[in-house]
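Me: I should like to go through this model term by term and ask what justifies each description. Please set every value against the definition on which it rests.

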Amino acid sequence: MLPEATLTDAAALLAELQARKLSLATAESCTGGLIAAALTAIPGSSATVLAGYVTYSNEAKTRMVGVPAPMIEAMGAVSEPVARQMAEGAARDSGADLAVSCTGIAGPGGGSAAKPVGLVHLACALRGSPTLAEHHIFPGDRTAIRAATVAAAFALIRRALEHTA
């Protein structure tokens with residue numbers, strides 16, 4: 001069950017996207033589909049949400065949203081270039097006006113000194129605008145990191161929309 005605050009935020013974001021007549025896709029790794037789940041929990045979301053890609057494995061990132069395998073090998077799946085490619089691929093492949101992506105280390109294991117648990121890269125590709133990207137190191141356990149990633153994805157979409165009329 002998603003927190004009420006997340007659902008409220010999702011409803012407000014969907015209303016903004018619908019007012020602008022913009023469609024959306026997601027490409028998610030560390031959240032396993034939570035961004036899409038929050039958005040599609042809202043009645044009427046089908047008018048806006050076109051697709052949600054859960055690209056948990058490296059192979060899925062390549063096959064489903066077109067992230068080049070050599071990029072993953074060189075940069076690692078948890079990296080800004082991969083997040084950018086995920087968002088751009090999801091937008092392209094779904095036909096959505098915008099797409100948001102995330103790739104990270106939700107823990108409790110899997111982290112390193114260079115890429116600690118809680119590191120998440122996000123990107124938002126909006127047709128006609130440069131792809132935005134950011135990264136965070138979220139504190140807490142797996143549940144907290146994933147919840148923070150959903151909130152950050154919604155915030156990044158809003159930041160991308162600030163650059164449109």
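Reply: The model is a predicted one. A suitable starting point is the crossing of H3 and H5, which is left-handed.

Me: What makes the crossing of H3 and H5 left-handed?

Reply: A crossing is called left-handed if the near helix is turned anticlockwise from the far one by less than a right angle. The axes of H3 (residues 58-65) and H5 (residues 80-94) cross at roughly 35° and come within 9 Å. The crossing of these two helices is classed as left-handed.

Me: Which residues of H3 and H5 meet?

Reply: From H3, Lys61, Met64 and Val65 take part; their counterparts in H5 are Val82, Gln85, Met86, Gly89, Ala90, Arg92 and Asp93. Contact here stands for heavy atoms within 4.5 Å.

Me: How do you know that the span of H6 agrees with its number of residues?

Reply: The expected span is 1.5 Å times one less than the number of residues. For the 20 residues of H6 this gives 28 Å, and the end C-alpha atoms are 29 Å apart, so the two agree.

Me: Which residues of H6 are called buried, and against what do they pack?

Reply: Buried means under 20% relative accessible area. In H6 this description applies to Ile145, Arg146, Thr149, Val150, Ala152, Ala153, Phe154, Leu156, Ile157, Ala160 and Leu161. The buried residues of H6 pack against H1, E1, H2, E3, E4 and E5. H6 also lies across E1, E3, E4 and E5, at about 30° to E4.

Me: Why are E2 and E5 said to stand at the edges of the sheet?

Reply: The open sheet has five strands in the order E2-E1-E3-E4-E5, with mixed pairing. E2 (49-54) and E5 (132-137) each have a single partner strand, so one side of each lacks a neighbour in the sheet.

Me: What makes E1 and E3 a pair?

Reply: Two strands pair if at least two bridges are found between them. E1 (residues 24-28) and E3 are joined over five bridges in the parallel sense, and Leu24 has Leu98 in E3 as its bridge partner.

Me: What is meant by the largest nonpolar core, and which residues have the most contacts inside it?

Reply: Such a core is a set of buried nonpolar residues joined through side-chain atoms within 4.5 Å. The largest has 32 residues, and Leu17, Ile35, Leu39, Leu98, Phe154 and Ile157 have the most contacts inside it. Its largest share, nine residues, comes from H6. A second, separate core has 14 residues, including Tyr53 and Ile72.

Terms used. Residues are numbered from 1 along each chain as its sequence is written. This is a predicted model: local features need pLDDT of at least 70, side-chain atom pairs count only at pLDDT 80 or more; totals for chains, interfaces and linings use all residues. Side-chain values use heavy atoms; hydrogens and water are left out. Buried means under 20% relative accessible area, exposed over 50%, partly exposed in between (1.4 Å probe, protein chains only). Helices (H or I, at least four residues) and strands (E, at least two) are DSSP runs, numbered from the N terminus. Axes are lines fitted to C-alpha atoms, for helices over the stretch in contact, and angles run from 0 to 180 degrees between N-to-C directions.
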